[in-house]
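Trainee: I am new to this structure, and I would like to understand how each term is justified. Could we go through it together?

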Amino acid sequence: MTRKATITIDGKTIEVPILKGSCGPDVLDIRNFYQETGMFCYDPGFTSTASCTSSITYINGDKGVLLYRGYPIEDLVEKCDFLEVAYLLLYGELPDIAQKESFEQSINHHTMVHEQLRSFFQGFRRDAHPMAIMVGVVGALSAFYHDSLDIYDPQQREIASHRLIAKMPTIAAMAYNYARGCPLPYPKNQLTYSQNFLNMMFAIPSEPYQINPVIARAMDIIFILHADHEQNASTSTVRLAGSSQANPFACIASGIAALWGPAHGGANEAVLSMLKQIGSVKNIPEYIERAKSKNDSFRLSGFGHRVYKNYDPRARIIRKACHDVLDQLKLSDPLLEIALELESIALKDPYFIEKKLYPNVDFYSGIMFKALEIPTSMFTVIFSVARTVGWIAQWNEMMADPAQKIGRPRQLYVGEKNRTFFKST
Ligand code: ACO
């Protein structure tokens, strides 16, 4: 029997069904709330709103748990490669050997971009931020792949999904090479997803790139950790764009735009600048005080999360991977020393304890990228390559959901009312 909550407003009582998921908090079904009460619900930032049902990713923010299709992120990082995780997110199950092979073949088949799309790059300034290029070029895919634009045909949806997963590393590496004045790369399909991306980023015609397996594995871990994260700002943007029946390429371009912001995917760039700005372990207390001050806009980048009120499990994994990579590559990074000390001081500080502010995935990913010699401007781009899998899995789930409707929030209007028209002459 469905549990119900009763809400009394101005003497009128209504019953609101309580929905139960497989885990996580119960959810009030307020779909008929306006019809029954004439009122809207006010929730800026959607802190209490479940916008959809989903079976893809589950986060328990209080316990610091992250599951993709029910599997703990720690197990997936340890036992899978990125394309296996991509398959899992898209289809709901881990692939068997034959499924894995056929998925890899399909992704490999789509890694190249239309030759004419390459000329788009010449239209950008060389100093354009690669995320600006990503938004433009990924959106432009809609103008090239007309045979996968019918969003009501599951087969076309699948082809579009594979195309996006396959082409994102190519477009990302092209954006990077355009900026540094190098020829635009082509994929090599005998390589794995991560190897291929690294090769396209760093190989130049005159010098082959030696793929270091430590770096390729680290890149795979980064891709897995960033692949999905339930209804975050960029994923919700993709769903909202998709709810109007926009094509998948346009939807993913909108996700990239949302991801770019420093409060979301741009935070890892901000973390490195912050660590450089702090400069030395001895300056940390001053910056902690600034982060706590109401009169200072400075915040600790890479700290705090809307959902995690505990250590972000991805931060724990990447913190360890970062140590491993630095050890294996025999590198040391003074910024890691500052980051570790900053974390240790902040985690003991009552301000951060009370507000449950812990390091998030971005706190260590910037240092990891630096160890892999990835330029700062590419950090968020790499995030977008990985998150494309989550975005497209969520988009597919939404398209197949019979409860799906165009997203159309309402508002609490606080502007002028009924003014008498007056224009000075
Ligand atoms: N440094 C200092 N204080 C902070 C920080 C921080 N990094 N984050 C939150 N706070 C404080 C806020 O000032 C606020 O204090 P108040 O209650 O006294 O006003 C309180 O903690 C709650 O913060 P909100 O901003 O209301 O929390 P919200 O859930 O809206 O924001 C966010 C979460 C945007 C991630 C925030 O913590 C932040 O700006 N962090 C830094 C940027 C960052 O690392 N973003 C990456 C997020 S992860 C990702 O996208 C992959």
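**The ligand and the small sheet**

Mentor: Around the ligand stand 19 residues, of which K294, R299, L300, G302 and R306 are the closest; a residue counts here if one of its heavy atoms lies within 4 Å of the molecule. This is a predicted model, in which local features need pLDDT of at least 70 and side-chain atom pairs pLDDT 80 or more, while totals for chains, interfaces and linings use all residues. Residues are numbered from 1 along each chain as its sequence is written, and side-chain values use heavy atoms, leaving out hydrogens and water.

Trainee: What makes the pair between K294 and the ligand a polar contact?

Mentor: A polar contact is a pair of N or O atoms within 3.5 Å, and a side-chain N or O atom of K294 lies 2.6 Å from an oxygen atom of the ligand, so the pair meets that definition. A backbone N or O atom of L300 is likewise 2.7 Å from a nitrogen atom of the ligand.

Trainee: Why are β1 and β3 said to stand at the edges?

Mentor: The open sheet has 3 strands in the order β1-β2-β3, with antiparallel pairing; strands are DSSP runs of E, at least two residues long, numbered from the N terminus. β1 (3-9) and β3 (27-28) each have a single partner strand, so one side of each is left without a neighbour in the sheet.

Trainee: How do you know that β1 and β2 pair?

Mentor: Pairing requires that DSSP finds at least two bridges between two strands, and 7 bridges join β1 to β2 (residues 12-19), with I14 in β2 as the bridge partner of I7.

Key:
Polar contact = N/O pair within 3.5 Å; in protein donor to acceptor, adjacent residues only side chain to side chain. Helix = DSSP H or I, 4+ residues; strand = E, 2+ residues; numbered from the N terminus.
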